[in-house]
Protein chains: 2
Amino acid sequence: MRYPPGHKEEKRKELLKAGGTLVKNRGFAASGVDALTEAAGVTSGAFYSHFASKNDLLKALIENELQTSREMWAGNPHESAEDWIGYELDRYLSMSHVRHPGAGCVLPALGAEIARAGEEIRQAYAKELAKGIEVLTQRLGDKELAWAFLCQMVGAILMARTMPDQKTQRAVLESSKRFLQAAISQMAGKTNVGQPGNAGGTIGNTRAARATGAARKIVPHAK
Amino acid sequence: MRYPPGHKEEKRKELLKAGGTLVKNRGFAASGVDALTEAAGVTSGAFYSHFASKNDLLKALIENELQTSREMWAGNPHESAEDWIGYELDRYLSMSHVRHPGAGCVLPALGAEIARAGEEIRQAYAKELAKGIEVLTQRLGDKELAWAFLCQMVGAILMARTMPDQKTQRAVLESSKRFLQAAISQMAGKTNVGQPGNAGGTIGNTRAARATGAARKIVPHAK
DNA sequence: GTCTATAATTTGATAGAC
DNA sequence: GTCTATCAAATTATAGAC
């Protein structure tokens, strides 16, 4: 063999990693196979020994990106649900995330292109995303709330990135962050967060939150 | 002249309208000039008598789309802020909107590509969007809240469209809708909505809402 | 003002040498 | 397994006829 063992797998990982960065920065449709392979240090001819087509790469790319995102969640050091969520809000809704799409979440960067992808890709995507939703659901105590949070975060990064100046970008980001923080503190106010037996658990049991009507204010932080 | 007067302007409008539909459906990068012009009933050669480049079309397209969206808002028949917002939530967060990107809002469909566009396009876009934000701010009584609502709505449509089946799409949509409806009813609960002198006005003055802490529950509706 | 025709690149993908 | 070379098709944009 001309190439050391494990070379192929290594290059495949590099195609996924470097390709992910490139595609999140430029968009999938705007990223040619040449640029994809060059970013990974191979030529376009070698590409097709790794993936059957450019679309096949997209599928693997999306799965890889969602897995990476979940690994980041797993690295969140906080135990209490409230702190855990707060940490993720700060990390996700940051100017760094706005300014560096290639290093960030795949959803705001490629969401529209995922939506336009074929059945097979969307199925694989949905399967991976469901795992993430489950994690978020465990922390927030409600699947609907998890979806709402995710949509808000994705929409905020997407919209902030469309803004032409950093000041407005920051304003967009902060608006969504405060909105979600308010929702959190509303729930935390009169539920069992931080109480015995709930360490590392959810922010609040939904049924309880509904029954007690445990919300307080919509904009808790001063600017 | 071989073509009747007003023909050019008419074709330009058609390029913007048909082009908008095509681009929102397929994405801008994936839409060739040939397809763009064919959709408007002209050949690719004529395209450049209307627009200096494909990117120039994108700019005009985005402005046109945002204007159209604001015209839809203007057609909202409700006077009270609460009803007005509720009507827009139902319209925007609908399965019809999820399933027909070409007929819908430009933000979930092209947001990522707008974010990647050049300064000039983003400036023109931001100027138009600001008008929309202003309308929303007048209804919601707070600019931050307006941004948060917009981000949630855009994110919800984007995420719903990525889902592979209608059932999940509906669930995503409903999650965000309930989340926003809850925020509305929290504010409406202890503010001056519907009271004398506030007809057609905002949902609540922010300062008042902050001071009184006029929120109640995060998930007001049963499933 | 729009048409046909075409230029110049770039695209996704394949074939064969090593 | 990856390289170079190359294909056919599609891309954005222009030139000249009418």
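Which backbone atom lies 2.8 Å from a phosphate oxygen of DNA strand D? In this predicted model, that atom is a polar backbone atom of Val33(B). The elements that put two or more residues on the surface near DNA strand D are α1 (7-26) and α3 (44-47), both of chain A. Of these, α1(A) supplies the largest share, with 3 residues.

Taken as a whole, the surroundings of DNA strand D come to 19 residues, and the closest of them are Thr43(A), Ser49(A), Arg2(B), Val33(B) and Lys54(B). The strand shows the protein mainly its backbone: sugar and phosphate make up 72% of the strand D atoms that come within 4 Å of the protein. Two side chains also reach phosphate oxygens here. Thr43(A) places a side-chain N or O atom 2.8 Å from a phosphate oxygen of DNA strand D, and Lys54(B) likewise has a side-chain N or O atom 2.8 Å from a phosphate oxygen of that strand. Sorted by class, the residues near DNA strand D are 5 nonpolar, 9 polar and 5 charged.

Now for the other strand. DNA strand C has 20 residues around it, with Arg2(A), Val33(A), Lys54(A), Thr43(B) and Ser49(B) as the closest. Here sugar and phosphate account for 70% of the strand C atoms that come within 4 Å of the protein. A polar backbone atom of Val33(A) sits 2.8 Å from a phosphate oxygen of DNA strand C. From chain B, His50(B) brings a polar side-chain atom to 3.2 Å from a phosphate oxygen of DNA strand C, while Tyr3(B) has a side-chain N or O atom 3.4 Å from a sugar or linking oxygen of the strand. Two or more residues of the surface near DNA strand C come from each of α3 of chain A and α1 (7-26) and α3 (44-47) of chain B. The largest share, 3 residues, belongs to α1(B). The class split near DNA strand C is 5 nonpolar, 10 polar and 5 charged residues.

One of the residues closest to DNA strand C, Lys54(A), can be followed back into its own chain. Lys54(A) belongs to helix α4 of chain A. Leaving aside residues up to four places away in sequence, Lys54(A) touches Phe28(A), Ala29(A), Ser31(A), Val33(A) and Phe47(A). Val33(A), one of these partners, is also listed among the residues closest to DNA strand C. With Phe28(A) there is a polar contact too: the side chain of Lys54(A) reaches the backbone oxygen of Phe28(A) at 3.1 Å. Ser31(A), another of the partners, is 23 residues from Lys54(A) in sequence, and the two C-alpha atoms are 9.7 Å apart in space.

How are the two protein chains related? Chain A can be laid on chain B with an RMSD of 0.0 Å, using a turn of 180° and a shift of 0.0 Å along the axis. That makes the relation one of a two-fold axis. Of the interface residues of chain A, 100% are interface residues in chain B as well, so the copies meet through the same surface.

What about the pockets? The largest pocket has a volume of about 690 Å³. Its lining runs to 32 residues, and those nearest the centre are Thr68(A), Ser69(A), Met72(A), Gly104(A) and Cys105(A). At least two lining residues come from each of α1, α4 (54-74), α5 (81-92), α6 (95-99), α8 (119-140) and α9 (143-162) of chain A. Helix α4(A) gives the largest share, 8 residues, and Lys54(A) is found in that helix. By class, the lining of the largest pocket holds 12 nonpolar, 12 polar and 8 charged residues.

The second largest pocket contains about 580 Å³ of space. It is lined by 29 residues, with Ser69(B), Met72(B), Ala103(B), Gly104(B) and Cys105(B) closest to its centre. The elements giving two or more residues to this lining are α1, α4 (54-74), α5 (81-92), α6 (95-99), α8 (119-140) and α9 (143-162) of chain B. In this pocket α4(B) contributes the most, with 8 residues. The lining of the second largest pocket divides into 11 nonpolar, 11 polar and 7 charged residues.

How values were computed. Residues numbered from 1 in each chain as written. Chains lettered and ligands numbered in written order. Predicted model: local features only at pLDDT ≥ 70, side-chain atom pairs only at ≥ 80, totals over all residues. Heavy atoms only, no water. Near = heavy atom within 4 Å. Polar contact = N/O pair within 3.5 Å; in protein donor to acceptor, adjacent residues only side chain to side chain. Helix = DSSP H or I, 4+ residues; strand = E, 2+ residues; numbered from the N terminus. Nonpolar A, V, L, I, M, F, W, Y, C, P; charged D, E, K, R; others polar. 1 Å grid on protein atoms, 1.4 Å probe; cavity = no way out; pocket = protein on both sides within 12 Å on 5 of 7 lines; lining within 4 Å. Points joined across faces, edges and corners; volume = space filled by probe spheres on them. Least-squares fit on C-alpha atoms with pLDDT ≥ 70 in both. Contact = heavy atoms within 4.5 Å.
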